[in-house]
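Notebook open, structure loaded. I want to jot down how the helices pack and what sits between them.

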Amino acid sequence: MALVAELARLRQEHGELDSQVAALEAQGGGIQLQLQRLKKRKLALKDRIAYIDDRLTPDIIA
């Protein structure tokens, strides 16, 4: 159950970062460093979400 809770938290954080990235891209200007950091964090979250998803999904041998 701890993994399910962590997965939900990570998905929520990923969605929030997605909104922040979209807002910063709409603003434009010299905020590239901040955008790069947000995108890097978002990618790390995506990797962690995939890892937890794999652990929660049983292997099915066809």
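**Helix packing**

H1 and H2 run roughly antiparallel to each other, a label for angles over 145 degrees. I looked up the numbers: the axes of H1 (residues 2-27) and H2 (residues 32-56) cross at roughly 155° and come within 9 Å. Axes here are lines fitted to C-alpha atoms over the stretch in contact, with angles from 0 to 180 degrees between N-to-C directions. Helices are DSSP runs (H or I, at least four residues), numbered from the N terminus.

Next I checked the residue classes: the contact of H1 with H2 has 13 nonpolar, three polar and twelve charged residues.

Note to self on provenance: this is a predicted model, where local features need pLDDT of at least 70, side-chain atom pairs count only at pLDDT 80 or more, and totals for chains, interfaces and linings use all residues. Residues are numbered from 1 along each chain as its sequence is written, and side-chain values use heavy atoms, with hydrogens and water left out.

**Core**

I pulled up the largest nonpolar core (buried nonpolar residues joined through side-chain atoms within 4.5 Å) and found eleven residues, including Leu7, Leu17, Ile31 and Ile49. H1 and H2 each supply at least two residues of this core. Leaving aside neighbours within four places in sequence, Leu7 is in contact (heavy atoms within 4.5 Å) with Ile49, Ile52, Asp53 and Leu56.

**Lysine 42**

Is lysine 42 buried or exposed? Lysine 42 counts as buried because its relative accessibility is 19%, and buried means under 20% with a 1.4 Å probe, protein chains only. Lysine 42 lies in H2 and touches His14, Leu17 and Asp18, not counting residues up to four places away in sequence.

How values were computed:
Parallel < 35°, antiparallel > 145°, perpendicular 65-115°, else oblique. Nonpolar A, V, L, I, M, F, W, Y, C, P; charged D, E, K, R; others polar. Buried < 20%, exposed > 50% of the residue type's maximum accessible area, 1.4 Å probe, protein only.
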